[in-house]
Every structure is written in C-alpha cells, then in structure tokens.
Amino acid sequence: MSAADTTKAAGAEIPVQTATKVTDRGSSSPDGTPRGPVQGAAKRTFKKGALLPYLLILPAIVAIAVIYAYPLVKTVMLSFQDLGRRELWSGDDPPWVGFEQFTNILGDSEFWYVTGRTVLFMAVCVLLTMAIGLMIALLMQRLTTWVRLTLTVALIAAWSMPLMVAASIFRWLADSDYGLINTLIAKVAGEDFLGHNWFLNPWQGFAVITALVVWGAIPFVSITLYAALTQVPAELEEAAQLDGANAFGVYRYVTWPVIKPVFIMVGTLSVIWDFNVFGQIWLLRGNKPEPEYETLGLYSYSKAFESTSFSQGSAIALITVLLLSGVAVYYVRQLIKTGEVE
C-alpha cells in the first residue's frame, strides 16, 4: 500500500469516529438531527441564567409587598368596617358595614369642599412650580459654567433641606412680630402693616404654604428640565435661526418637542406630590391646622385620629387613591411612550 492510499484510508476513518462520538454523547433535536454536547450544555446554562434576574429582584418585590401592599389591603378592608375607639382598645373585630362609610363621606358637603380646595391648591402649586422651574432651566443654558455649577449646588442644597427646617424658616419669614416679609412690606405700606398675621385669612395663609411647596419642588423640576434641554441638538436650533425663526419660534418648534415628554412626566409627578401635601400645612400651622386649611390628607387624618373614626379616615384615603389613579395611569403611559421613542 502506498503512502497516498494510507492517507485516504486514514481520512475516511476520522469522520466516521467523530460522527459516532457526537451521535452517542449528544442529544437529538425535535426534527431528529443530532445535537452535540456543547449545544445541550448551552441550553441548560440558558435555562438556569434566565431565573437570575427574577432572583435578584425578589428581595425588592418582598419589601414592596410588605411596605406597600399589606397597608393598602388593610386600608381597603378597614374602609368597609366600622372601627372605633372601643374596638381599637378592646381588640374586638370591627363590624362590617359595607359601603356605609363611602356613602356618608360622599354625601357630606364638607368632603366636596375640601376636595375642591385640594384641587385648587394643587393646580396653583403645579403651575407655579413648572413655570418657574422651566424658566430657571432655560436660564441655566445661558449661564457660564461656574455660575451654572454654583446655581446647581444651591438648588441641590435647597432640595436636600429637611422639611421641618424649611417650614421653620418660612414660619419665621411670615411671623407677625419679627417676620422679614412684614418688615419689608412695612417700609412701603407703612408701619401699620407690622404685626400682620398672614394666617388669619386662609387665602393669605395658603399663599405662604404655596410658597413653601413651590420653593421645595423647584430644584427637582429645574435640574430635570435642564438635563432635557441639553439633549436638544444645537444644529437644529441654528438651522431654525437661519431660516428666520425668532427665539419663541425656535423654542416652540425645535426645543419644546424634544423636552415635552420629560416636561409631562415631571408635571404629572408634581400633580401627585402636591395633591398629597401634608407636612407643609401641618408644620406651618403648629401641628394644629384649622378646618379651613384642611386638604384631603389632613381631612383623612382629622377623621381618623381626632374624631376617632378610623374607618372613615381609611375610606377618605382610599377615595384619594382612586382620584389619583387616573394620574398614575397617565404617568405610566408616558413612561412607556418615552421608552418606545428612545
């Protein structure tokens, strides 16, 4: 046998041995074709790895269920019961009353008056916050680097200030005897304005409360909108200016379409936050807000703890959640749309 024949014979044997090993050790696919051990191992590894993301978020899901889901379920159950002081101290199960709590609340004119006050207060706070925040964001675009950094640090410092400290500052500013606001106005309106109590009139009192709420919300809005403005292509603005568009036209047709999704999301969050304002009013009124300063959050607290009607307070809280559910759904839809655009 020649060397060439030996080579051919050896070449013919190698594929047969390899195919035998693959067929014996591998597994078959649904269509009957042999599959090697490497592919089977890859499939088993993929199945194990697919569970890893769910295992990683499992602690967060459990924490959310304990912190949010359980209180929500308990609130829903309590709103259909009649839990008073006697049941609270005796430990007896409160009786089930069905929709009686909701019927009493919705039939009470005071509830609708408080709801209207809450909506009006929220609308004013959101409009002022978004308008001032947008103007500050536009201003930050035109500032030099070090001035913009200084302003950003100041905004973050104001945003991180504890609510109790901020409320104490605003109480001092509006103080009837030593307040800075009265002192400055007295220089123009005369000394008779000294000693003016801003909280005797609810409209003036809510003006101070609104100032505190807006002041605390502006940093988040400004910084977020400025981040959105940085994503506007500069070449598009220059092209619009070359085409003869003025500053308002550039903003309307170039800038606004880019920042609109972020603006809507921030505005929706502001609606949710300002609708649930509690601490600002509570602290500015010395932990004893008058009935004319009650919003839905304070009204629920008053019914639950001052009138010891815990079920009514839970029912009011549940109605508040239902009122905000539409806003929450709209917010989620905007998040989904933004993700689709990106």
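**Figure 1. The salt bridge between Arg-285 and Glu-290 in the predicted model****.** Glu-290 is partly exposed, with a relative accessible area of 24%. Its partner in the salt bridge is Arg-285, and the closest N and O atoms of the pair are 2.7 Å apart. Arg-285 counts as buried, at 17% relative accessibility. Side chains of opposite charge can pair when their charged atoms come close. The count of salt bridges comes to 1.

**Figure 2. Pro-289 and Asn-287 in the loop between helices H13 and H14****.** The loop that holds Pro-289 runs between helix H13 (279-284) and helix H14 (296-306). Is Pro-289 buried or exposed? Pro-289 is buried, because its relative accessible area of 17% falls under the 20% cut-off. Leaving aside residues up to four places away in sequence, Pro-289 touches Ile-281, Trp-282 and Leu-298. Between the C-alpha atoms of Pro-289 and Ser-302, which are 13 residues apart along the chain, the separation is 9.6 Å. Asn-287 is found in the loop between H13 and H14 as well. Asn-287 is partly exposed, with a relative accessible area of 41%. The phi of Asn-287 is positive, at about 65°, although Asn-287 is not a glycine. Most residues other than glycine have a negative phi.

**Figure 3. Thr-118 of helix H6 and its contacts****.** Thr-118 has its place in helix H6. At 0% relative accessibility, Thr-118 counts as buried. Which residues does Thr-118 touch, not counting residues up to four places away in sequence? Thr-118 touches Phe-275, Thr-295 and Leu-296. With Leu-296 there is a polar approach: a polar atom of the Thr-118 side chain lies 3.0 Å from the backbone nitrogen of Leu-296.

**Figure 4. Buried and exposed faces of helix H7****.** Helix H7 comprises residues 145-159, 15 residues in number. From its first C-alpha to its last, H7 reaches 21 Å, close to the 21 Å expected at 1.5 Å a residue. Within H7, Arg-148, Leu-155 and Ala-158 are buried. These residues cover an arc of only 85° around the axis, and therefore lie on the same side of H7. The cover over the buried residues of H7 includes helix H6 (109-141) and H10. On the face of H7 turned away from the buried side are the exposed residues Thr-145, Trp-146, Leu-149 and Val-153.

**Figure 5. The buried side of helix H8****.** In helix H8 (residues 163-173), the buried residues are Ala-166, Ala-167, Phe-170 and Leu-173. Their arc around the axis is only 120°, which puts them on the same side of H8. Which helices help to cover the buried residues of H8? Helix H9 (180-189), H10 and H13 are among the elements that do so.

**Figure 6. Helix H10, with its cap and its kink****.** Helix H10 spans residues 202-229 and has 28 residues. The distance from its first C-alpha to its last is 38 Å, close to the 40 Å expected at 1.5 Å a residue. Where does the kink in H10 lie? The kink, of about 35°, lies at Ala-217, shortly before the proline Pro-219. At the N-terminal end, H10 is capped by Asn-201, with a side-chain oxygen 3.0 Å from the backbone nitrogen of Trp-203. H10 is also part of what covers the buried residues of H7 and of H8.

**Figure 7. Thr-103 in helix H5****.** Helix H5 (residues 100-106) contains Thr-103. Thr-103 is exposed, with a relative accessible area of 53%. A polar atom of the Thr-103 side chain lies 2.9 Å from the backbone oxygen of Phe-99. The C-alpha atoms of Thr-103 and Ala-315 are separated by 10.0 Å, and these two residues are 212 residues apart along the chain.

**Figure 8. The whole chain, as context for the close-up views****.** The chain has 15 helices and 2 strands. Of its 342 residues, 33% count as buried. Among contacts between residues at least 6 apart in sequence, 63% join residues at least 24 apart.

Key: Residues are numbered from 1 along each chain as its sequence is written. This is a predicted model: local features need pLDDT of at least 70, side-chain atom pairs count only at pLDDT 80 or more; totals for chains, interfaces and linings use all residues. Side-chain values use heavy atoms; hydrogens and water are left out. Helices (H or I, at least four residues) and strands (E, at least two) are DSSP runs, numbered from the N terminus. The expected span of a helix is 1.5 Å times one less than its number of residues. The bend at a residue is the angle between axes fitted to the seven residues ending there and the seven starting there. A polar contact is a pair of N or O atoms within 3.5 Å; within protein, one must be able to donate a hydrogen and the other to accept it, and residues adjacent in sequence count only if both atoms are side-chain atoms. Buried means under 20% relative accessible area, exposed over 50%, partly exposed in between (1.4 Å probe, protein chains only). The arc is that of the directions from the helix axis to the C-beta atoms. Contact means heavy atoms within 4.5 Å. A salt bridge is a side-chain nitrogen of Lys or Arg within 4 Å of a carboxyl oxygen of Asp or Glu.
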